[in-house]
Amino acid sequence: MSDSEVLLEIKGLTKAYPGVTANSDVSFDIRVGEVHALLGENGAGKSTLVKMIYGLVKPDSGTMTLNGAPYAPAEPRAARASGVAMVFQHFSLFDALTVAENIALGMENPPKPRDLARQIREVSETYGLPLDPERTVGGLSAGERQRVEIIRCLLQDPRLLIMDEPTSVLTPQEVEILFETLRKLSAEGTAILYISHKLEEIRALCDHATILRLGKKVATCTPSETTARELAEMMVGASFDAVERAEKAFGDVRLKVAGLSAKSPNEFGTSLKDISFEVRAGEVLGIGGVAGNGQDELLAALSGEITTAADMVSFDGTPVGALPPEPRRTAGILSAPEERLGHAAAPDMSLTENAILTAAAREGLMNKGFLNWPKSTAFAEKVIDAFDVRTPGPGTAARALSGGNLQKFVIGREVMQNPEVFIVNQPTWGVDAAAAAAIRQAILNLAARGAAVVVISQDLDELMEVADRFAALNEGRMSDIRPVQGLTVDEIGLMMGGAHDMEVAHVDA
Amino acid sequence: MIHLVKRPQPSRFWTAVTPILAVLLTMVVGGFMFAALGKPPLEAIRTIFWDPLFHEQFAAYSRPQLLIKAGPLILIAIGLSIGFRAGIWNIGAEGQYIMGAIAGAGVGLAFYPMESFIIFPLMVIAGALGGWAWGMIPAVLKTKFGTNEILVSLMLVYVAESVLASVSSGLLKNPDGMGFPGSRNLQQYDSAANLEIIPNTGMHWGVVAAFVAVIFAYVLLTRHIRGFHIQLAGQAPRAARFAGVRPARIILFCLGLSGALAGMAGLFEVAGPSGQITIDFNSGYGFTAIIVAFLGRLHPVGILLAGLLMALTYIGGELAQLMLGLPGASIQLFQGMLLFFLLATDVFTNYRIRFGQGEAA
């Protein structure tokens, strides 16, 4: 199918937001009836690119050609009229309405209810997507909800169907059904632009893959002829060089994780499977891996949000795995989760209140449960000063801060409490370069003071810079732990893909 | 075109002003409603808001009523507001109020005709426990089985009403009552009566308890870590878990507390203004308190003022029925409008209105 005619030609698309270039000169072709993967890490510019194709965002420069005619949709409706449909990662369905009513709501000219129900049945049978138009959406599983969205698109006979990370909410069985449907669609001539960062899926499904990194196209390749390792390398980039570091002497083991297994509290989360590692005083352990492979769960298990058997997590030789967050904090185990608003900080509360959130006991901001507001404000101000948080003052609501500034506050709040063990997920996400450097320096200073630090990050450059040893998470399992010094990009790609993934790659190739 | 633009943080000015704006809007729209009913609107509004306090003839009777009505409303609303802050929606205060009254009155009647200073305090404790126990049913079901506390607490109101009907014509029926349903009148049993502390003010122990509850809630919410955790759990549940708050504890605490306060309110009512357990001694305070809680912005001092205002519309409404022949339902509609306008004007707290063209997408 690779030699068929070009459906959508993308040429030099560029889109810049204040402070960040989301897409820079991206060009590639989507052919009629192919499944084309768009591959890249978080923040690589995948979403912005498809939003331009779907008419949600206007490109700054560059052109698109659809079936030989210029294509510049001003809004999604124009895109749909030209035969471009999109299934979003997050569904927009009304729970209280039936499948048919929901589908009718999303159409420009919905047919009569009876005709629509018949059409829905036809399409759902043709493409092997079992779905009863009379059912109420509230009772459907995530996979069935996705089918509603897909059928809504298919009823408009699209020539190009965009799917944004469709498998992130599906069970393995549902993924199989979806893939069958997509293959059938492609065989009938509908092109599919498939966005994902899951390498196996792309190798199993896609005819071509375009890889984005930092807003630029890295390559367009044929996934079935490329190993998962090569794909991962292209996605991650080979552009970093390990920092030269002096031989450091580490102290005793401070954080010990032994056979840690835990079910994710989130239905679509990744459960942790038999993770073991040790972090010594003065050491920074970097944990990489593609997002959604257990990073959030690992942080939760270390912070105490998920409790486990006591001896799965030990601190200075004392088992703490069964303790909730507060006693762990008092002992000196502090953490900063990835999601700033809503998890690390309460959006509508002031910075002072957000300082109390984690620092109440350890910084003595309360006495027998009674809060000391002047002291709390003083501590919040200390964090604001030390980490250069740009805000009118500690009375400002957390949600009023920019992402980067709130990140500085959240990291600063923990660092200023002098942790003995510090676990942080995505420490510099969305932070400008100077602030990122300051945060990394603060992490290194903590280690130099004798703390054990675990840095979880998607940014491999960052991990190479701050970490002494490196490991990767893959589907809730942890790879071998290797010293960062002398680690090659090849090896990192292998660790991130997971060894079992590589086996499959060789068989297929 | 009118656009709503989200404010970076809630406006303090509008938080304070919206209740006043809501009252004014209610007066205006309510006035139209009264006019449509063929009654003089200005006079109706004056009768509701002004006459209960300052009418030469009626004020002597209705002024004490203000505290009598406001006391239970405030007491219940304080308990509810703490739960609402945590995102726990106890809609069944009416049931907890009834069960508290039954438990407390039951203890008092069990001692009859003994006289002792200890009886009334025991009744208060029993009342609180009765309401607490009724509140713990939705709490335990929610923590153990994840049931919805809104539905469970609401449905338990109807169970409580059936229990009330049963005891007032059975277990607690006055043996000397010539067969009429209803308990002995506690007003006539000195050790159990909740009498006025200062004559002709309406000030009874329930009002004192309401004021204590206001102070307690204020200290809890603004000075104590538990109050902080309650608000955190309501605003950002994930952040609360990260901070180490255990959701089950918050649920048990909030439903237990609001149940206990509602139960106490029921006891003070049945031992005082109402006097006896009858099939319909409860007058919907448990539901009206929900309005009071929101009208007071879930803030203790706000609830104090809102409780007084709501009591005023109750008394004024009765007066308007009496003097102008307004239908009782129109008074309820009037109170409903108050909540409606409050919620509607609430938009200004978090959003600002911008007129004219929105920016081109």
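**Exercise 1: a bend in α6(B).** Find where α6(B) bends in this predicted model, and say which proline follows.

*Solution.* Start with the bend: α6(B) turns by about 30° at B:M136. Then read on along the chain, and within four residues you hit a proline, B:P138. Next, check the span. The helix covers residues 119–145 of chain B, 27 residues in total, and its first and last C-alpha atoms sit 38 Å apart, close to the 39 Å expected at 1.5 Å a residue. Finally, look just past the end of α6(B): B:G146 takes a positive phi there, about 70°.

**Exercise 2: a helix pair.** Work out how α8(B) and α13(B) are oriented relative to each other, parallel or antiparallel.

*Solution.* Take the two helices, α8 (residues 205–223) and α13 (residues 300–324) of chain B; they pack at about 150°, with 8 Å between their axes. Angles over 145 degrees count as roughly antiparallel, so that is the label for α8(B) and α13(B). Now for who touches whom: α8(B) brings B:V214, B:A217, B:Y218 and B:L221, and they meet B:P300, B:V301, B:I303 and B:L304 of α13(B). Sort that contact by class and you get eight nonpolar residues, no polar ones and no charged ones.

**Exercise 3: chain B against chain A.** Say how many residues each chain puts into the contact, then break down chain B's side by class.

*Solution.* Count first: chain B gives 18 residues and chain A gives 27. Next, locate some of chain B's share: α9 (225–235) and α10 (237–243) of chain B each supply at least two residues. Last, sort chain B's side: nine nonpolar, four polar and five charged.

Definitions and conventions. Residues numbered from 1 in each chain as written. Chains lettered and ligands numbered in written order. Predicted model: local features only at pLDDT ≥ 70, side-chain atom pairs only at ≥ 80, totals over all residues. Expected span 1.5 Å × (residues − 1). Bend = angle between axes of the 7 residues up to and from the residue. Axes fitted to C-alpha atoms, helices over the stretch in contact; angles between N-to-C directions. Parallel < 35°, antiparallel > 145°, perpendicular 65-115°, else oblique. Contact = placed C-beta atoms within 7 Å. Nonpolar A, V, L, I, M, F, W, Y, C, P; charged D, E, K, R; others polar.
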